[in-house]
Amino acid sequence: MSAETTLAHAHGAPLTGAEAEAATVKREVRNRWFLLSPAMLIICGIGIMPLAIIIGYSFMEQGNYAGVKWEFTLESWMNLITERDIFDDTLGWNHAHISIMLRSIGLALMTMVTTLIMGFPTAYFITTRPEGQRNFWLFLIALPFFSNLLVRTFSMMLMLRDDGYINNVLLFLGVIDEPMILIYTNTAVAIGLVFTYLPLMVMPLYASMEKLNFNLVEAGYDLYASRFQVLKRVILPSVKPGIIAGCILVFIPAIGAYVTAKILGGGKNLMIGNLIANQFGTSRDWPLGSAISLFMMIVVMIALIVYVRNSLAEQD
Amino acid sequence: MANPRKNKAFNVRYMPGFTPVTMFCLIWLYAPLIIMMVYAFNSERSVTNMHGFSFRWFEQAAKNTQVQDATILSLQIALVATIIATIAATMAALATTRTKPFKGHAAVYAIINQPLMIPEIVTAVGTLVFFGLIKSATGIHGIGFLMMAHTVFCIPFAYMPIRARLENMDLTYEHAAADLYAPPMKRFWRVTFPLMFPGILAGAMLSFVISFDDVIINLLVAGAGETTLPIYMIGTLRRGLTPEVNAISTVLLGVTFIFVVGFFFLTTNKKK
Amino acid sequence: MTSKSSANSSSVAIEVQGLIKTFGTGDASVKALDGVSVSIYENEFFTLLGPSGCGKTTLLRMIAGFEHPTSGHVLLGGDHIGHLPPFMRPVNTVFQNYALFPHMTVGENIGFGLEMLGKDKSEIARKVDQTLAMVRMEEYVNRKTSQLSGGQQQRVALARALAPEPRVLLLDEPLSALDLKLRKEMQIELKRMQHETGITFVFVTHDQEEALTMSDRVAVMKDGLIRQIGAPREIYDHPTERFVAHFIGETNFLEGELHDINGSTGMIKLASGSNVPASLPDEAAAGTVTVVVRPEHALLSTSPDNASLTGEVKTIVYFGTDTHYHLELESGDSFVVRMQNQRDSGTDYQEGSKVGITFKDNAVQVLKD
């Protein structure tokens, strides 16, 4: 019996099953934390520390050149939406900040809705392809997402410029007589945002549609529903988790968009991301930059809470 | 021939107008990129009027020492970040899939995915300030800081495909190995690792692409003189766009294409 | 060790004593095994039979080492092994889904256990060839496991588990993924291999027919307990509990009065008033009992006069080899009689006929519960 040699270990201390179980569990716990430690140390040390510093800085006074003075103040939080008049020191609304925040939230919501309207049929189209083809179509959607954001934004800039391809084509066709002003407008930023984040909407939508049981659709038609009724009463409810996931995945990066507004907005149509970056750059107001960052985080958190609530409700 | 529409059976999967919308999406996504690539081959210095076909802008970019240096720097960062992130993510994926559910499971997930849950601009300014503090406190400078910043956001991207692979891998393979006298380490290297390797490779490819194509962290966190490719490219904006930028962009798109194809191949081939 | 490997055919291979296994804690805890004790002998084909959730797989996994007992002992050849990890137990498993390593060839799969035991290359090669020959798969040694059919994978899984010559081979519903024809073939193959190797087989199944055809002994399990152990014939002909009688084969249940106990036999007075002889379980006591009669152990007759029971035919179901007669007894109970069909002979009975039922010898078994 060749396997028998291994039994030699059996003659050591005869543990009971329960003791052996406890030892196994202990070993498992030790292994687990050893395996988790590199990722946890890197993310906590380099990913989460910056957030803690940002929170701290938002309650400090602005430094003379840059940085902060170690004194507690709520001024930066006040400066989010208000400003002191330089002459008479009265408190008034900071219209520049308010308009940037409203524009950012508005643009992010617009991007979310537009990508949903465009992404839903696209995800459905991919779902209804034969099984062997689906990955190809999904790849076509995913490829732009992984491409360099700068490259993609440059390419969109070439489309939208006064002498860009869109104007050239429309002039050639005689649709317009003189070039439209597209670049450096809110419209340009909006087009760029949808272009950038469309794949992020399609991917989760597809993931949830792929699980759709088409027997349900057949049952719907069998029970005299029209195409629209089947879409509304059968398909939409089944893919609701995917819709919510897609909306969140688009909303979070869209509200923080920096490159798109910087290049296609031309420094005039700023979004919150640009405002934050400016505080750490030319404006040298780190506490304000930190406060704006946290404000944006709060907006994102609200979106996430809505998402978690919804997905929990789905599970019940 | 009979009218094919007449005999067409009712297609339950069909939705009117969905196909044109899909085509519109794909055109929107690809037309700018394709046109940009076409103009990389322009023989004249124009990005809006095509004159003739040439490789001159590719040659010019390749000979440009600034482009060379920036490319090498970006590749170094991507490589180091990918290696560290993939190892950390592989270990984390093993810890979160190969054990029973444990207290703190949700917290671990949240921490790993933290870089995805926070707008990149916030991470970028926070990291800028944090690194600034460390740099002034220790006097240490260097590209290592940017590499570490990249590693952080690469971890969740490397983690996702590795975890997916492990979750699809039946635990009985490891049970069978244990049953056949393989002690834990041998079991890992002979059975678990070879079986999860496509997932690891997919994770590495994804994090390489994510790091190589990153813009925001580069723009804000890079120290003085650390001119990575995105920083060089955004610098060219001031001088006006030339087909040279189109050429660089075309090469970048090509690199992305290869890696994403590799990623898809690895993650979709696993089911037999 | 040497003292134990002088195996005589009736020495104990695996012994489990008072095994209890609880999963989870507090209110959510589930008792998978509730005090199981059993001895499995050398060179025995032993089957654990029961419905899903009865604890049979947990018991198997505990012998393999994938679970540790909450309390109780597992002994192999007299040594405690309950605390050992699976890779230290000379016990191998054939998994339900085979678990063949997809990144290795057939040969590498079969040699894996020997390699882990540190055998040298030539011995591994020799043993792999020998085992492959035994499962008749010699020409597949360099194939990838994904290129094999279900039945071939089954053979490779068997070869892989047998190659290290384990003291005990554990089989976890290995035939459940095969189609009926292949399953019948593999049943015979398994039995042959058990004879050839002389290794103790512990086989887990929920299929009573499989258990009856292959096993030397069967343990019927329910709710974490072994309800009855015995040879297949004994389990079938003399079930001692309602559950066992019900789970294996078809059965008629009747009420009766037990009297005139004489060792393992006694007399039963049925509701119809007639007395029939019956086999008794241990510790049977006089009084009201439940008895079982297999449908094929009863006979129909057209004259109700000398019959033990009388009733009316309600439904007749033709099965090819035999016919089932569903009757309603005078007491209102239902009763099924199975009679073998003769070629070209019609039947004497129609739905609605009044019939008598007589029992063959030893047809009546008294239950404990």
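**Note on the predicted three-chain model**

1. Chain A exposes about 15300 Å², and carbon and sulfur atoms supply 64% of that area. Accessible areas are from the Shrake-Rupley method with a 1.4 Å probe, and for residues only the protein chains shown count as cover. This is a predicted model, in which local features need pLDDT of at least 70 and side-chain atom pairs count only at pLDDT 80 or more, while totals for chains, interfaces and linings use all residues. Residues are numbered from 1 along each chain as its sequence is written, chains are lettered from A and ligands numbered from 1 in the order in which they are written, and side-chain values use heavy atoms, with hydrogens and water left out.

2. Chain A has 13 helices and four strands; helices (H or I, at least four residues) and strands (E, at least two) are DSSP runs, numbered from the N terminus. Its C-alpha atoms fill a box of roughly 90 × 65 × 35 Å along the principal axes. The radius of gyration of chain A is 27 Å, against a value near 20 Å for a compact globule of 316 residues. That radius is taken over C-alpha atoms, and the globule rule is 2.2 Å times the number of residues to the power 0.38.

3. Of the 316 residues in chain A, 51% are buried. Buried means under 20% relative accessible area, exposed over 50%, and partly exposed in between (1.4 Å probe, protein chains only). For chain A contacts between residues at least 6 apart in sequence, 63% join residues at least 24 apart; a contact means heavy atoms within 4.5 Å. The 20 positive and 22 negative charges of chain A have mean positions 5 Å apart. Lys and Arg count as positive and Asp and Glu as negative, with His and the chain ends not counted; each charge is placed at NZ of Lys, CZ of Arg, CG of Asp or CD of Glu.

4. Leu270(A) sits in the loop between helix H11 (259–264) and helix H12 (272–280) of chain A. Leu270(A) counts as buried because its relative accessibility is 16%. Leaving aside residues up to four places away in sequence, Leu270(A) touches Ile100(A), Arg103(A) and Asn278(A). Between the C-alpha atoms of Leu270(A) and Glu19(A), which are 251 residues apart along the chain, the separation is 64 Å.

5. Chain B contains 12 helices and zero strands. Its C-alpha atoms occupy a box of roughly 80 × 70 × 30 Å along the principal axes. A compact globule of 272 residues would have a radius of gyration near 19 Å, whereas chain B has 24 Å. In chain B, 56% of the 272 residues count as buried, and 71% of the contacts with a separation of 6 or more are between residues 24 or more positions apart.

6. The accessible surface of chain B is about 12200 Å², with 67% of it belonging to carbon and sulfur atoms. Chain B carries 21 positive and 12 negative charges, whose mean positions are 11 Å apart.

7. Over all chains there are zero disulfides, a disulfide being a pair of cysteine sulfur atoms within 2.5 Å. For Cys25(B), the nearest cysteine sulfur is that of Cys247(A), 15 Å away. Cys25(B) counts as buried, at 0% relative accessibility. For Cys154(B), the nearest cysteine sulfur is that of Cys44(A), at 17 Å. Cys154(B) also has 0% relative accessibility and so counts as buried.

8. Chain C has nine helices and 20 strands, and its C-alpha trace spans about 80 × 50 × 45 Å along the principal axes. Buried residues account for 52% of its 369 residues. Chain C exposes about 16300 Å², of which carbon and sulfur atoms supply 47%. Its 34 positive and 47 negative side chains form two sets with centres 6 Å apart.

9. His68(C) lies in the loop between helix H2 (56–64) and strand S4 (71–76) of chain C. With a relative accessible area of 8%, His68(C) is buried. Beyond residues up to four places away in sequence, the contacts of His68(C) include Gly17(A), Ala20(A), Glu21(A) and Thr24(A), and also Lys21(C) and Met62(C). Leu84(C), another residue that His68(C) touches, is 16 residues away in sequence and 8.5 Å away, C-alpha to C-alpha.

10. Thr321(C) is in the loop between strand S16 (309–318) and strand S17 (322–329) of chain C. Thr321(C) is exposed, as its relative accessible area is 54%. Not counting residues up to four places away in sequence, Thr321(C) touches Gln340(C) and Asn341(C). The C-alpha atoms of Thr321(C) and Asn341(C) are 5.8 Å apart, with their positions 20 residues apart along the chain.
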